[in-house]
Amino acid sequence: MKSIRLKEGKERSLLRRHPWVFESAIAKGGADAGETVRVEGHDGRFLCWAAFSPASRIRVRAWSFDEAQRIDAAFFDTTVRRAIAARTRFSIASDGLRLVHGESDGLPGLVVDRYGDTLVAQFLSAGVERWKAVITDALLAATGLARLFERSDASARQLEGLAPATGWLRGEGSTELTIAEHDWRLSLDVATGHKTGFYLDQRDNRLRLREVVQRLGLGSVLNCYCYTGGFTVAALKGGAQAVTSIDSSGPALARARAHLDLNGLDPARAEFLDADVNASLRRFIEEGRRFDAIVLDPPKLAPTAAHAERAARAYKDINRLAFKLLPPGGVLFTFSCSGGISADLFHKIVASAAIDAGADGFITERLGGAPDHPMTLIFPEGEYLKGLVVQTR
C-alpha cells in the first residue's frame, strides 16, 4: 500500500475527520489517480485510508479513519447501503430523491439521484471513478433497480483530470422520466437536464412557496431563472392568478409549459418569457409593474470563494431590482447555490440590495437544500444552497 506523509501541523483537519487534504499539506508520497493510499502524520502515525488525486488541489479524499478498514467492494456496498438507509429517516415527499451526497455520505465525489425506477450518478473524483463498476453494482443491489445512467459531465471532473462521461452504465431505454413531488408531477430528461436531470434540492422550497402564496393570497408571482418551471407549478398550485416565468433556454421553457398540462393547470394564468432576467426586471420597473411574490433562483455564480466578489455584485444587482418590483407586503424568495457564497455573506448581499432599492423587510425564513442533500457537522462544505424569504414592509 502506498503512503502519503503530511507536513508537521497539517494533521488537524483529518484528526477532526474532515475528509480533504490539499496539495500544500503533503510532505511526500504519491500514487496513481484514484488509488487507495495510507495517509500518515508527519510522525508516521495512521490518519486515514484515502483516494489519491494527482491532478486536483484536493490531493487526498478520505474513505475511512479506521486503520482496520479494507477499502474493497464490501466497503462500498456497506457505505452505499448506509447512505440509502439514512433517507428512510428523512421526510421526502417524492419518488425523485438524492441517495448519495458525496462527502456527507462518506463517498467523496459521488452524487446519486433516484428518479422513479432509474438511478443517475455523477462520478466527480478520481477515487469514485476508479471504483465506478463496483459502486454501480452496489447501487443497483441496494435499490433493486436495473437502470443506472451516468452524468459525469460536471466541471468538477476537469479539476480531477477526468474527461466527461455520459450514458447508460446499466440498463437502457428512454431518458425521459416523470416524478411525483408533493401533489404535483414534474418531467425531466436525465440525459440533457441540468445536474442529474433536475433540481431535487429545491423540493421543499417549492412547497414553501406554494404554502406562502396560498396563506397570504398572493395573486401575481414572478419566477426568475425558472428553468422547467418547478416554482411556477408550485405558485399556481397555491392559487396564484398570474405567474410570469423567465428563462433564457427555449427547451426549458417548453418543458415548463408542458408542466401546466401535466398538472391540469390553466395556461391562461401563466406567461413564459424567453429573455434575459436582468433586462426583464429593468423593463418591468420602467413599465411600473409590481408582483406580490418574486423567486430569484439564479445559476451558480461563484463555484469557489475566489469568484465570490464578482458573484456578489451580480447577486446584489438582481436582488436590488427585485425589491423595486415588490409592493409593501410582497414576498421575495431569493437563493444562491454558489459554494463560494456563505450564508452570512448572502444575507449581507441581500440586505445591501434592499438598502440600495430603498426597501426594508422581515426575514421570515432561512432556507436550504432538501434533507436528502445533507450537510454534516464535520463537513460544512456540504452546504451550498441557501435562501431567504423576505417580506417587505
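This is a short talk on one predicted model, covering a sheet, two helices, two hollow spaces and two residues with a positive phi.

I will start with the sheet. It is open and has 7 strands, in the order β16-β15-β14-β17-β18-β20-β19, and the pairing is mixed. The strands at the edges are β16, residues 270-274, and β19, residues 361-368, and each of these pairs on one side only. Between neighbouring strands the turn is 15 degrees on average, with direction ignored.

For the newer people here, a reminder about sheets in general. Strands of a sheet pair through backbone hydrogen bonds, and the pairing is either parallel or antiparallel. This sheet has mixed pairing, and I can show you one pair of each kind.

The parallel example is β14 with β15, which are joined by 5 bridges. In that pair, valine 221 stands opposite valine 243 of β15. The antiparallel example is at the β19 end of the order, where 7 bridges join β19 to β20. There, arginine 366 has leucine 388 of β20 as its bridge partner.

Now stay with β14 for a moment. Is this strand enclosed or open, and why? All 5 of its 5 residues are buried, so β14 is largely enclosed by the rest of the structure. The cut-off behind the word buried is under 20% relative accessible area. In a regular strand, side chains alternate between the two faces of the sheet. In β14, Ser220, Leu222 and Cys224 point one way, while Val221 and Asn223 point the other way, and all of them are buried.

Next, the helices. Helix α7, residues 230-237, lies across five strands of this sheet, namely β14, β15, β16, β17 and β18. Relative to β15, α7 runs at about 175 degrees.

The other helix is α10, residues 308-324. From its first C-alpha to its last, this 17-residue helix reaches 24 Å, which is close to the 24 Å expected at 1.5 Å a residue. Which residues of α10 are buried? They are Ala308, Ala311, Ala312, Tyr315, Asp317, Ile318, Asn319, Leu321, Ala322 and Phe323. The cover over them includes two helices, α9 (277-287) and α11 (343-356). It also includes the strands β17 (293-296), β18 (331-336) and β20 (386-392). β17, β18 and β20 should be familiar, as they are in the order of the sheet I began with.

Let us move to another part of the chain, around β6, residues 58-64. This strand is mostly covered, with 7 of its 7 residues buried. β6 pairs with β2, residues 20-22, in the antiparallel sense over 3 bridges. In that pairing, arginine 61 of β6 is the bridge partner of tryptophan 20. β6 also pairs with β5, again antiparallel, over 4 bridges. Phenylalanine 52 stands opposite valine 60 of β6. β5 and β6 form a hairpin, and 5 residues lie between the two strands.

β6 matters for my next topic, the hollow spaces. How many cavities of 30 Å³ or more are there? The count is 1. The largest cavity holds about 40 Å³ of space. Its lining consists of Ala51, Phe52, Ser53, Arg61, Trp63, Pro108, Ser125, Ala126, Gly127 and Glu160. The elements giving two or more residues to that lining are β5 (46-52), β6 and α3 (126-130).

Then there is the second largest pocket, with about 530 Å³ of space. Its lining has 25 residues, and those nearest the centre are Trp63, Arg82, Glu103, Asp105 and Gly106. Two elements give two or more residues each to this lining, β6 and α2 (73-87). The largest share, 7 residues, comes from α2. Trp63 is therefore a name to keep from both lists: one of the residues lining the cavity, and one of those nearest the centre of the pocket.Last, two residues with a positive phi. Arginine 17 has a phi of about 65 degrees, although it is not a glycine. This arginine lies in the loop between α1 (12-15) and β2. With 47% relative accessibility, arginine 17 counts as partly exposed. Histidine 182, also not a glycine, has a positive phi of about 50 degrees. Its place is the loop between β12 (176-181) and β13 (184-189). Histidine 182 is partly exposed as well, at a relative accessible area of 23%.

Technical notes:
Residues are numbered from 1 along each chain as its sequence is written. This is a predicted model: local features need pLDDT of at least 70, side-chain atom pairs count only at pLDDT 80 or more; totals for chains, interfaces and linings use all residues. Side-chain values use heavy atoms; hydrogens and water are left out. The expected span of a helix is 1.5 Å times one less than its number of residues. Buried means under 20% relative accessible area, exposed over 50%, partly exposed in between (1.4 Å probe, protein chains only). Contact means heavy atoms within 4.5 Å. Two strands pair if DSSP finds at least two bridges between them. Axes are lines fitted to C-alpha atoms, for helices over the stretch in contact, and angles run from 0 to 180 degrees between N-to-C directions. On a 1 Å grid over the protein atoms alone, a cavity is a set of points where a 1.4 Å probe fits but cannot get out, and a pocket is an open set with protein on both sides within 12 Å along at least five of seven lines; lining residues have an atom within 4 Å of a point. Grid points are joined across faces, edges and corners, and a volume is the space filled by probe spheres set on the points.
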